[in-house]
Amino acid sequence: MSTSATKILIVDDASFMRVVLKDILVSHGLVSQVYEAGDGLAAVESYKQFKPDIVTMDVNMPRADGIQALKSIIQLNPKAKVVMVTSVEQKHIVQDAIKSGARDYVVKPFDRSNVAMVISKVIRAK
């Protein structure tokens, strides 16, 4: 799959963070279609509806957190490519997420080139 035809679902309760992530991914030519969700429940519904190639999932969100949403998405599709988005002090949560099926993670505040590298790597992974 070429990265230029990649569909991504960006999940974060902060619209500003969704805009920043979208900008990084679009400016690096990693995605063609971007869908957004503001909480874990919306993330699962959007995943079912849009069947994105990759998901970025914030850890802390209202209604259902990123770990709950990750587990639901992995139940729907065990091959789902989910990258967790976390703040530096939540490293232990990321370990749980990886055990639950997340492929990788990125840390806020974002290092633009690192985000692009991680997403690109996960897109290319089988």
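In this predicted model, strand β1 (residues 7-11) runs parallel to strand β3 and is joined to it by 4 bridges, with Leu9 having Val55 as its bridge partner in β3. Strand β3 also pairs in the parallel sense with strand β4 (residues 82-87), again over 4 bridges, and here Met57 stands opposite Met84 of β4. The two pairings of β3 are set out below.

| Strand pair | Bridges | Sense | Citation |
|---|---|---|---|
| β1 (residues 7-11) and β3 | 4 bridges | parallel | |
| β3 and β4 (residues 82-87) | 4 bridges | parallel | |

Between β3 and β4 the chain passes through helix α3 (residues 66-76), and these three elements make a right-handed β-α-β unit.

Strand β3 (residues 54-58) is largely enclosed by the rest of the structure, because 5 of its 5 residues are buried, that is, under 20% relative accessible area. In a regular strand the side chains alternate between the two faces of the sheet. Both faces of β3 are covered, since Ile54, Thr56 and Asp58 on one side are buried, as are Val55 and Met57 on the other.

The largest nonpolar core has 22 residues, and those with the most contacts inside it are Val11, Met57, Val82 and Met84. At least two residues of this core come from each of β1, β2 (33-37), α2 (40-50), β3, α3, β4 and α4 (91-99), and α3 gives the most, with 5 residues. Leaving aside residues up to four places away in sequence, Val82 touches Val55, Met57, Leu70, Ile73, Ala102, Arg103 and Asp104. Another core, of 20 residues, lies apart from the largest one and includes Val83, Val85, Ala116 and Ile119.

How values were computed. Residues numbered from 1 in each chain as written. Predicted model: local features only at pLDDT ≥ 70, side-chain atom pairs only at ≥ 80, totals over all residues. Heavy atoms only, no water. Buried < 20%, exposed > 50% of the residue type's maximum accessible area, 1.4 Å probe, protein only. Pairing = 2+ DSSP bridges. Right-handed = clockwise from strand over helix to strand, strands pointing away. Core = buried A, V, L, I, M, F, W, Y, C linked by side-chain atoms within 4.5 Å. Contact = heavy atoms within 4.5 Å.
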